[in-house]
Amino acid sequence: MKRAEIEFWDELHLNSLTKTEPYNFYTDLARQPDRISRVLDVGCGNGRNTLPFLAGAEEVVAVDPSEVGLAILRRHAGDQKNLRIIKSTAESFNWQDEYFDLVICHGVLHLIPQNEQKDVISKLQKMTRQRGLNVIVAISGTHGKTTKVKHPLYLSDLSSLRDTYLSWKCKLIEEYTTLSSAEFPYPRQFYRAIWER
Ligand SMILES: C[S@@+](CC[C@H](N)C(=O)[O-])C[C@H]1O[C@@H](n2cnc3c(N)ncnc32)[C@H](O)[C@@H]1O
């Protein structure tokens, strides 16, 4: 990953231009610590989706290449003994097999070159215990208007992702579009997918 790419995310996190509210699904799951005890958030950014799990989970691992994002998470988390913060890309990150109850990869896959996305997903799948969940949220299209993209945008193909999860149970697939903004000057077509191993 290039220095300029990390700086792009550092700047966004520093200027509070990334979202701070957790996605509802995570706050609901965080209320079930018997089921969700070990959590991995890959590309956690400022940790908005990581934080809800700290109250009940046994272990939460938060990974991101942006030091600024991780510093914000560290500040909000305070002295939480069950949080492990790791500065890494998803491509370089490794962990033991069948460990996590929940793996979150939210808004990250489309930042990884297409020829590496499948390997990253396979790795995350291996780290997931039986009956554990993977939540993948990524950009699958831009309606062709990508001329002003300020960071690499590789897009993630939902149908190949479905193939990778063929032997898993699909709990949810939703697709939605967000309008252009100053930071992301192109309409983005997202999918949100949840699978159980
Ligand atoms: C759109 S933000 C999403 C952050 C967080 N998951 C959320 O939902 O708020 C994208 C994050 O992915 C991180 N990122 C970029 N490239 C990455 C990579 N190759 N591996 C892991 N994280 C990456 C960025 O540093 C940034 O914090």
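Strands β6 and β7 run antiparallel and are joined by nine bridges; strands are DSSP runs of E with at least two residues, helices are runs of H or I with at least four, and both are numbered from the N terminus. Two strands count as paired if DSSP finds at least two bridges between them. Within this pair, C170 stands opposite W195 in β7. Keep in mind that this is a predicted model: local features need pLDDT of at least 70, side-chain atom pairs count only at pLDDT 80 or more, and totals for chains, interfaces and linings use all residues. Residues are numbered from 1 along each chain as its sequence is written.

How many of the ten residues of β6 (residues 169-178) are buried? The number is zero, so β6 lies largely in the open. Here a residue is buried if 20 or more other C-beta atoms lie within 10 Å of its own, exposed if 12 or fewer, and partly exposed in between, with C-beta atoms placed from the backbone.

On the partner strand, β7, sits A193. A193 counts as buried because it has 21 C-beta neighbours inside 10 Å. Leaving out residues up to four places away in sequence, A193 touches I136, L161, L172 and I173; a contact means that two C-beta atoms, placed from the backbone, lie within 7 Å. T18 is 175 residues from A193 along the chain, and their C-alpha atoms are separated by 21 Å.

**The enclosed strand**

Now to β1, where five of the five residues are buried, so this strand is largely enclosed by the rest of the structure. In a regular strand the side chains alternate between the two faces of the sheet. For β1, one side carries R38, L40 and V42 and the other V39 and D41, and all of these are buried. The strand has two parallel pairings to look at, set out below.

| Pairing | Sense and bridges | Opposite residues |
|---|---|---|
| β1 with β2 | parallel, five bridges | V42 and V63 |
| β1 with β4 | parallel, three bridges | V39 and L102 |

V42 deserves a second look. Not counting residues up to four places away in sequence, V42 touches V63, A90, F93, V103, I104, C105, V108 and L124.

**The nonpolar core**

In soluble globular proteins, nonpolar side chains tend to be buried together. Which residues touch the most other members of the largest nonpolar core? They are V42 and V103, in a core of 47 residues. Such a core is a set of buried Ala, Val, Leu, Ile, Met, Phe, Trp, Tyr and Cys residues joined through C-beta atoms within 7 Å. At least two residues of this core come from each of α2 (24-30), β1 (38-42), β2 (59-64), α3 (67-77), β4 (100-106), α4 (114-126), β5 (128-141) and β7 (188-196). The largest share, six residues, is supplied by β5.

**Two helices that meet**

Helix α1 (residues 3-14) has twelve residues, which at 1.5 Å a residue should span 16 Å; its end C-alpha atoms are 16 Å apart, in agreement. The expected span is 1.5 Å times one less than the number of residues in the helix. The buried residues of α1 are W9, L12 and H13. These cover an arc of only 100 degrees around the axis, so they lie on the same side of α1; the arc is that of the directions from the helix axis to the C-beta atoms. On the other side of α1, R3 and A4 are exposed. After the helix comes S16, with a positive phi near 55 degrees.

Part of what covers the buried residues of α1 is α3. The buried residues of α3 are V68, G69, L70, I72 and L73, and they pack against α1, β2 and β3 (83-87). G78 follows α3 and has a positive phi near 65 degrees.

**The whole chain**

The protein holds five helices and seven strands, in the order α-α-β-β-α-β-β-α-β-α-β-β from the N terminus. Along its principal axes the C-alpha trace spans about 45 × 40 × 30 Å. A compact globule of 197 residues would have a radius of gyration near 16 Å, and the protein agrees at 16 Å; this radius is taken over C-alpha atoms, and the globule rule is 2.2 Å times the number of residues to the power 0.38. Buried residues make up 38% of the 197 residues. Of the contacts with a separation of 6 or more, 66% link residues 24 or more positions apart.
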